[in-house]
Structure formats: C-alpha cells, structure tokens
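Student: I have a new model on my screen and would like to go through it with you. Could we take it one question at a time?
Tutor: Gladly, let's look at it together.

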Amino acid sequence: VGSGSSHINIDETTGLVVTPGCPRSLRVAMQRLHADAAMADRYGKAALERFQQRFTGQLMGKRYAEIYRSTLGRRTAGSRALESPA
C-alpha cells in the first residue's frame with residue numbers, strides 16, 4: 001500500500017490488504033473474513049500478538065525516547081566539534 005498500514009498489517013497473516021480506493025476489493029476481503037471464521041480468528045490473534053510485541057504505548061514510548069536521545073547525542077557531539085579550536 002505504501003503507507004504506515006503496510007508496516008502494521010501483514011497481508012494474509014494479521015489481516016487482509018485491499019486495494020486503496022477500491023470498494024470491490026474491500027467487499028471481497030470482508031466477505032472472506034465473514035465466510036471463514038477460523039481465518040478471521042487466526043488473523044485477529046496474530047494481529048494482537050504483533051501489537052503486543054511491537055506497538056504498545058510502553059514500547060512506542062521507549063522507541064521515541066531512544067530516537068530523541070540518539071538525536072540529542074549527535075547534536076551535542078556535533079556542537080562540541082564546531083566549538084573546539086582547530
């Protein structure tokens with residue numbers, strides 16, 4: 001799909017990917033899920049597991065904090081290099 005949802009949902013593992021802007025594609029996917037309760041259940045369980053492993057608030061907070069620390073560390077190191085006499 002080329003959006004963040006491609007990273008979150010894995011086609012045929014945690015759900016179904018449909019063609020953006022295509023109501024028919026969405027209808028077909030919804031019919032598949034409705035017709036196959038076991039598949040829908042399997043995708044739902046896999047999606048919950050993926051969420052718990054990658055996307056909880058706590059995990060996302062830690063990742064953002066790591067990015068901020070890393071960015072600040074590079075900025076601080078770069079600032080020191082500019083201030084040092086050559």
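Tutor: Before we count anything, one term: two residues are in contact when heavy atoms lie within 4.5 Å. Keep in mind, too, that this is a predicted model.

Student: Then among contacts between residues at least 6 apart in sequence, what share joins residues at least 24 apart?
Tutor: Start from the contacts in the protein whose partners are at least 6 apart in sequence. Of these, the share that joins residues at least 24 apart is 38%.

Student: What order do the secondary structure elements follow from the N terminus on?
Tutor: The protein has four helices and zero strands. Read from the N terminus, the elements therefore contain no strand, and their order is α-α-α-α.

Student: What percentage of the residues is buried?
Tutor: The accessible surface comes to about 6,900 Å², and 59% of that belongs to carbon and sulfur atoms. To count as buried, a residue must have under 20% relative accessible area. Of the 86 residues in the protein, the buried ones make up 10%.

Student: How far apart are the end C-alpha atoms of helix α3, and what span should we expect?
Tutor: Helix α3 covers residues 37–54, which is 18 residues. At 1.5 Å a residue, the helix should span 26 Å. The model agrees with that, because the end C-alpha atoms of α3 are 25 Å apart.

Student: Which residues of α3 are buried, and on how wide an arc do they sit?
Tutor: The buried residues of α3 are M39, Y43 and R50. They lie on the same side of α3, because the arc they cover around the axis is only 30 degrees.

Student: Which exposed residues are on the face of α3 turned away from the buried side?
Tutor: On the buried side, the cover includes α1 (4–8) and α2 (23–35). The face turned away from that side carries exposed residues, and K45 is one of them, with a relative accessible area of 54%. The full set there is A37, A38 and K45.

Student: Is R50 buried or exposed, and what is its relative accessible area?
Tutor: R50 is in helix α3. Leaving out residues up to four places away in sequence, R50 touches H7, I8, I10, T14 and F55. R50 counts as buried, because its relative accessible area is 14%.

Student: How far is I8 from R50 in space, C-alpha to C-alpha?
Tutor: I8 is in helix α1 and is partly exposed, with a relative accessible area of 48%. Beyond its neighbours within four places in sequence, I8 is in contact with T14, R50 and F55. I8 and R50 are 42 residues apart in sequence, yet their C-alpha distance is 8.3 Å.

Student: And how far is T14 from R50, C-alpha to C-alpha?
Tutor: T14 is among the residues that R50 touches. The two are 36 residues apart in sequence, and in space their C-alpha atoms are separated by 8.0 Å.

Student: Which residue forms a salt bridge with E12?
Tutor: A search of the whole structure finds two salt bridges. In the one with E12, the closest N and O atoms are 3.1 Å apart. E12 lies in the loop between α1 and α2 and its partner in helix α2, so the pair ties together parts 20 residues apart in sequence. That partner is R32.

Student: How exposed are E12 and R32, and what is phi of E12 near?
Tutor: E12 is partly exposed at 41% relative accessibility, and R32 is partly exposed at 34%. E12 is a residue other than glycine with a positive phi, near 70 degrees.

Student: By how much of a helix are D41 and K45 separated?
Tutor: D41 and K45 form a salt bridge, with the closest N and O atoms 3.1 Å apart. D41 is partly exposed, at a relative accessible area of 40%. Because the two are four residues apart in helix α3, their separation is about one helical turn.

Student: Which residues form the nonpolar patch on the surface?
Tutor: Y64 is in helix α4 (residues 57–83) and counts as partly exposed at 47% relative accessibility. Y64 belongs to the patch, whose accessible area is about 360 Å² together. The patch is made of Y64, I67 and Y68.

Methods:
Residues are numbered from 1 along each chain as its sequence is written. This is a predicted model: local features need pLDDT of at least 70, side-chain atom pairs count only at pLDDT 80 or more; totals for chains, interfaces and linings use all residues. Side-chain values use heavy atoms; hydrogens and water are left out. Patches are made of residues with over 30% relative accessible area and no salt bridge: like charges are joined within 9 Å, nonpolar side chains (Val, Leu, Ile, Met, Phe, Trp, Tyr) within 5 Å. Accessible areas come from the Shrake-Rupley method with a 1.4 Å probe; for residues, only the protein chains shown count as cover. A salt bridge is a side-chain nitrogen of Lys or Arg within 4 Å of a carboxyl oxygen of Asp or Glu. Buried means under 20% relative accessible area, exposed over 50%, partly exposed in between (1.4 Å probe, protein chains only). The expected span of a helix is 1.5 Å times one less than its number of residues. The arc is that of the directions from the helix axis to the C-beta atoms.
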